[in-house]
Amino acid sequence: MPIPSKEEMYRALEERHGAELQKKLDIASVAVCGLGGLGSNIAIALARAGVGKLNIIDFDSVDISNLNRQQYFPDQLGKPKSDAMRDTLERIAPYCSITSYNVKLTEENIPVLLKDADIIVEAFDRADQKAMLVNCVLENLPEKYLVSGSGMAGIAPSNIITTKRITKRFYLCGDGVSDVENGMGLVSSRVLICAGHQAHAVIRIIAGEFDI
Amino acid sequence: MVKINGELLEKDGKTVTEMLSDMEISGQRVAVEINEEIVPKAKYDETILKDGDHVEVVRFVGGG
């Protein structure tokens, strides 16, 4: 069956979200940094909601150890995550404008690669890299909104994962403490909860609802 | 008194580096904001906390 037209898909979103919110989502530009358990789920949620422009970035390739929580398929093993996620997003939201980079984000390239996004999502795995991205964005791109995730390993209760507004433009999701380095693995459901918090923070910012 | 993550503490006159060291936090995994402004990592040694400052120390943990 042929896929629906751009107008048909837009109308279906408009019916569910309302015309005003859909217009805001349609003109929004969001960068998702890291396409692991957090980023792959966040990117999919944003594409489904009808975010108009997505910039997805990861330097890694799909590994069998990712399949317990990341939105990839066994037939994508070995593929760069930025390519694999782009393929999936194009199936979900064929009219979304997607830019993908198979690169490692550094203090040097962050100001260049993220300059067009209204909202930047930190979805890295390693704590030092999370800190690097957050510091770099807050220092160099202070006009951007930033949504970061920290603390979602293991099987602690869902309800200790929260969204905090640290400063006006910086939101932090997670429980803040459940560290993967303490021997707790990452479990799909709990990573999804944190990813859901981050994606929802993005959608609320786009809607102009800044409270948490 | 300085408000650090919502808690009033006697850290006036200390640098950000000293505050982090008192809190036993590695500077590699944090972001520090004072009165809504990010403190660049290169300035941790020279940034001195003042009475009435609102400090947010965000500690990152691994996993994603």
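Select α7(A) to begin: its 20 residues should span 28 Å at 1.5 Å a residue, and the end C-alpha atoms are 28 Å apart, which agrees. The model is a predicted one. Of the 20 residues in α7(A), 14 are buried, so the helix is largely enclosed by the rest of the structure. Step past the end of α7(A) to Gly208(A), where phi is positive, near 85°.

Next, show the largest nonpolar core, which has 76 residues. Helix α7 (residues 188-207) of chain A gives the largest share of this core, eleven residues. The residues with the most contacts inside the core are Val30(A), Val32(A), Cys33(A), Ala43(A), Leu46(A), Val121(A) and Val202(A). Centre the view on Val121(A). Beyond its neighbours within four places in sequence, Val121(A) is in contact with Val30(A), Ala31(A), Val32(A), Cys33(A), Ile42(A), Val147(A), Gln198(A) and Val202(A).

Now colour the strands of chain A. Seven of them form an open sheet with mixed pairing, in the order β3-β2-β1-β4-β5-β7-β6. At the edges stand β3 (97-101) and β6 of chain A, each with a single partner strand, so one side of each has no neighbour in the sheet. From one strand to the next, the twist averages 15°.

Within this sheet, pick out β4 (residues 119-122) and β5 (residues 145-149) of chain A, which pair in the parallel sense over three bridges. Ile119(A) is found opposite Tyr145(A) in β5(A). Two helices can then be added. Helix α4 (residues 81-92) of chain A packs on the sheet, touching β2 (53-57) and β3 of chain A, and its direction makes about 170° with that of β3(A). α6(A) also packs on the sheet, where it touches β1 (29-33), β4, β5 and β7 (170-174) of chain A. The direction of α6(A) makes about 170° with that of β5(A).

For a short detour, select helix α1 (residues 6-17) of chain A. Its twelve residues reach 16 Å from first C-alpha to last, close to the 16 Å expected at 1.5 Å a residue. Gly18(A) follows α1(A) and has a positive phi, near 90°.

Turn to the boundary between the chains. Here 31 residues of chain A are in contact with 16 residues of chain B. On the chain A side, α3 (37-49), α6 (127-140) and β6 (162-167) each supply at least two residues. The largest share of that side, eight residues, comes from α6(A). By type, the chain A side divides into 14 nonpolar, nine polar and eight charged residues. Keep α6(A) selected and add chain B: the helix lies across β3 (30-34) and β4 of chain B, running at about 30° to β3(B).

Those two strands lead into the sheet of chain B. Five strands form this open sheet, with mixed pairing, in the order β2-β1-β5-β3-β4. Its edge strands are β2 and β4 (37-38) of chain B, each pairing on one side only. Strands β1 (residues 2-4) and β5 (residues 54-59) of chain B run parallel and are joined by two bridges. Ile4(B) stands opposite Val55(B) in β5(B).

The last selection is Lys14(B), in the loop between β2 (7-9) and α1 (16-22) of chain B. Lys14(B) counts as partly exposed because it has 17 C-beta neighbours inside 10 Å. Apart from its neighbours within four places in sequence, Lys14(B) is in contact with Met19(B) and Leu49(B). Draw a C-alpha to C-alpha distance from Lys14(B) to Asp45(B): they are 9.5 Å apart in space and 31 residues apart in sequence.

Note on methods: Residues are numbered from 1 along each chain as its sequence is written. Chains are lettered from A and ligands numbered from 1 in the order in which they are written. This is a predicted model: local features need pLDDT of at least 70, side-chain atom pairs count only at pLDDT 80 or more; totals for chains, interfaces and linings use all residues. A nonpolar core is a set of buried Ala, Val, Leu, Ile, Met, Phe, Trp, Tyr and Cys residues joined through C-beta atoms within 7 Å. A residue is buried if 20 or more other C-beta atoms lie within 10 Å of its own, exposed if 12 or fewer, and partly exposed in between; C-beta atoms are placed from the backbone. Helices (H or I, at least four residues) and strands (E, at least two) are DSSP runs, numbered from the N terminus. Two residues are in contact if their C-beta atoms, placed from the backbone, lie within 7 Å. Ala, Val, Leu, Ile, Met, Phe, Trp, Tyr, Cys and Pro count as nonpolar, Asp, Glu, Lys and Arg as charged, and the others, Gly among them, as polar. The expected span of a helix is 1.5 Å times one less than its number of residues. Two strands pair if DSSP finds at least two bridges between them. Axes are lines fitted to C-alpha atoms, for helices over the stretch in contact, and angles run from 0 to 180 degrees between N-to-C directions.
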